[in-house]
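Got your viewer open? Load the model, find the selection tool, and follow along stop by stop.

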Amino acid sequence: MSRTVYLNGTYLPEEDAKISIFDRGFLMADGVYEVTSVLDGMLIDFDGHIKRLDRSLYELDMRNPISRDDLLKAHRELISLNGIKEGLIYLQITRGAPNDRDFIFPDPDETPQTIVIFTQNKPGLYDNPAAKKGIKVISIEDIRWGRRDIKTVQLLYPSMGKMIAKKQGADDAWMVEDGAVTEGTSNNAYIVKDGKIITRALSNDILHGITRAAVLRFGKEAQMQVLERDFTIEEAKDADEAFITSASTFVMPVVEIDGQPLGAGTPGPVVTRLRDIYLEESLKRAI
Ligand code: PMP
C-alpha cells in the first residue's frame with residue numbers, strides 16, 4: 001500500500017512526491033537528516049532529534065526552514081495517516097534546487113530548501129528478535145570525512161560497510177581509526193568490561209547519537225559506571241559484553257567481533273538491563 005509522505009508542506013502519495021534533478025541533496029549530498037523512532041504511536045526523543053537537526057543545519061551554514069512545532073505536527077500527521085504503531089520517521093532537509101549545478105551555495109532567499117518526511121512501518125522494533133540473540137560485527141577502516149558529528153546524507157561508505165559485513169556473514173561493521181573504534185556504520189559503539197560501560201567520547205569523529213545521550217544518562221541514573229574514552233578493537237574483542245545504540249535499534253547486543261565471540265556469545269546482563277531501562281524510560285517520555 002502506498003504511503004502518504006510530506007514534501008515541502010504538502011501531504012501526498014509517495015508516487016506523486018517528486019523533487020528536481022538539480023536538488024543539491026541529489027547532486028552533492030548537500031543535506032541533513034534525522035530518524036526518529038515511534039513506539040506505541042508516539043515519538044521517542046523528538047526534541048533531541050530536533051536539537052541535533054538545528055546543529056547540523058547551523059554547521060553547514062543552512063537556514064532552518066521549519067519550526068519545531070510544525071515538524072512535530074508533520075511527524076504526528078504522518079504517523080496518523082499511515083497508521084504507524086512501531087516504526088521510524090525519516091526527515092531530510094537539503095539546500096534546495098537552484099536551476100543549475102554549481103559548487104557555490106545558492107542564495108537562500110532565491111532557493112527554497114527541500115523538506116521531505118516519510119514513515120517506515122517496522123512492527124517488532126520493540127520486541128526485536130535480534131536483541132535476544134545479539135548481532136555480529138566486523139571491523140573496517142574508518143575512511144569517512146572529518147565532520148562525522150554533522151548528520152549529512154553522505155552515507156555511501158556506511159552503506160558499503162554494511163555490504164562488506166553482509167558478505168562476510170556479519171550484521172554490521174565497526175569503524176576503526178588509528179587503532180581505536182569510532183562507531184558503527186549507523187550506530188554508536190560500546191564495550192563493557194568489569195561492569196563498566198566504555199564508549200568513545202564526543203568529538204567531530206563520531207555522530208552525537210541521541211540514543212547514546214539517553215542511554216548514558218539512564219545508565220548513570222541506575223548507578224552504572226560509564227567511561228567516555230577511546231577503546232581499541234583488540235580491547236573490544238576481549239570485552240565481557242558489547243553493544244550498539246541508535247534510534248532504530250535502541251540498545252542492541254553485539255555478541256561477536258571479527259569472528260570472535262564475546263563472553264558466552266550471548267547477550268550479557270549489562271546490555272540486557274540497559275535495553276530494558278532505555279525502553280521503559282523512553283516510553284515514559286514519548287510524545
Ligand atoms: N552514528 C552514526 C554514524 C549514525 O548514522 C547513527 C544513526 N543515524 C548513530 C550513530 C546513532 O544516532 P541516533 O542514536 O541518534 O540514532
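Helices (H or I, at least four residues) and strands (E, at least two) are DSSP runs, numbered from the N terminus. This is a predicted model, where local features need pLDDT of at least 70 and side-chain atom pairs count only at pLDDT 80 or more, while totals for chains, interfaces and linings use all residues. Residues are numbered from 1 along each chain as its sequence is written, and side-chain values use heavy atoms, with hydrogens and water left out.

**Stop one: Arg144.** Select Arg144, and you land in the loop between strand 7 (135-141) and helix 5 (156-167). Is Arg144 buried or exposed? Arg144 is buried because its relative accessible area is 19%, and buried means under 20% (exposed is over 50%, partly exposed in between; 1.4 Å probe, protein chains only). Now add Glu183: the two side chains make a polar contact at 2.8 Å. That term means a pair of N or O atoms within 3.5 Å; within protein, one must be able to donate a hydrogen and the other to accept it, and residues adjacent in sequence count only if both atoms are side-chain atoms.

**Stop two: the ligand.** Show the ligand next, with the 18 residues that surround it (each has a heavy atom within 4 Å of it). Glu183 turns up again here, among the closest along with Arg52, Lys151, Ile210 and Thr211. Try some distances to ligand oxygen atoms: a side-chain N or O atom of Arg52 is 2.8 Å from one, and a side-chain N or O atom of Thr211 is 2.6 Å from one. For Ile210, look at the backbone instead, where an N or O atom lies 2.8 Å from a ligand oxygen.

**Stop three: rings.** How many aromatic pairs does the structure hold? There are 7, counting rings of Phe, Tyr and Trp (its six-membered ring) with centres within 6.5 Å; planes under 30 degrees apart are stacked, over 60 edge-to-face, and the rest tilted. Pick Tyr6 and Tyr11 for an edge-to-face pair, 5.5 Å centre to centre with 75 degrees between the planes. Then pick Tyr33 and Tyr90, which are stacked at 5.6 Å and 25 degrees. Tyr33 lies in strand 3 (residues 31-39) and Tyr90 in strand 5 (residues 87-94), so this pair ties together parts that are 57 residues apart in sequence. Both Tyr33 and Tyr90 are buried. Add Phe118 to your selection to see one aromatic cluster made with Tyr33 and Tyr90.
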